[in-house]
Amino acid sequence: MASQSRKGGVSLPERPIRSKNSTTNNEGILSRISSTVSQSPILHQGKRAAGDAAYVAKRLLKSTGKAAWIAGTTFLILVVPLIIEMDREQQLNELELQQASLLGTPPLPGHK
């Protein structure tokens with residue numbers, strides 16, 4: 001024991017060295033099918049088509065988002081003030097009709 005240079009610990013057995021020929025002969029059917037499928041040109045074309053579809057979808061969503069932003073801000077700037085003004089005018093007309101009916105004057109011909 002005194003002649004050994006190691007101090008404690010567990011030593012693992014060394015792995016056997018295999019040549020390439022022995023590993024291909026010992027491969028299972030699943031690994032052979034897997035490597036055949038992964039080298040298939042159909043799989044390569046499918047991956048490329050999926051990547052292209054993802055790129056197009058991303059660009060479409062980006063441009064759709066920009067269009068939605070433009071439409072939304074245009075609506076807020078142009079249409080909402082118009083709706084508020086029309087509502088104020090309607091309220092004013094109703095108030096004038098109510099005052100006219102309380103005072104007993106006939107309503108103007110332009111008002112309903």
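**Exercise 1. Find the mean pLDDT of this predicted chain, and the elements with the lowest and highest values.**

Solution. Start with the whole chain: this is a predicted model, and its mean pLDDT is 80. Next, look at the spread, where 71% of the residues reach 70 or more. Then go element by element: helix H1, residues 20-26, has the lowest mean at 51, while H3 has the highest at 92.

**Exercise 2. Describe the secondary structure and the burial of the chain.**

Solution. Count the elements: there are 3 helices and 0 strands. Read along the sequence, they give the pattern α-α-α. Now turn to burial: of the 112 residues, 1% are buried. Finally, take the surface: the chain exposes about 11000 Å², and carbon and sulfur atoms supply 63% of that area.

**Exercise 3. Compare the reach of helix H3 with its expected span, then locate its bend.**

Solution. Helix H3 covers residues 41-103, which is 63 residues. At 1.5 Å a residue, a span of 93 Å is expected. From first C-alpha to last, H3 reaches 90 Å, close to that value. Now for the bend: H3 turns by about 35 degrees at Leu76. Just after the helix, Gly104 takes a positive phi of about 85 degrees.

**Exercise 4. Is Val79 buried, partly exposed or exposed, and which surface patch does it join?**

Solution. Place the residue first: Val79 lies in helix H3. Its relative accessible area is 31%. Partly exposed runs between 20% and 50%, so Val79 is partly exposed. Then find its partners: Val79 forms a nonpolar surface patch with Phe75, Leu76, Ile77, Leu78 and Ile83. Together these residues have about 600 Å² of accessible area. Leu76, where H3 bends, belongs to this patch too.

Notes. Residues numbered from 1 in each chain as written. Predicted model: local features only at pLDDT ≥ 70, side-chain atom pairs only at ≥ 80, totals over all residues. Heavy atoms only, no water. Helix = DSSP H or I, 4+ residues; strand = E, 2+ residues; numbered from the N terminus. Expected span 1.5 Å × (residues − 1). Bend = angle between axes of the 7 residues up to and from the residue. Patch = residues over 30% accessible without salt bridge, like charges linked within 9 Å, V, L, I, M, F, W, Y side chains within 5 Å. Areas by Shrake-Rupley, 256 points an atom, 1.4 Å probe, with all protein chains shown as cover. Salt bridge = Lys/Arg side-chain N within 4 Å of Asp/Glu carboxyl O. Buried < 20%, exposed > 50% of the residue type's maximum accessible area, 1.4 Å probe, protein only. pLDDT = per-residue confidence, 0-100.
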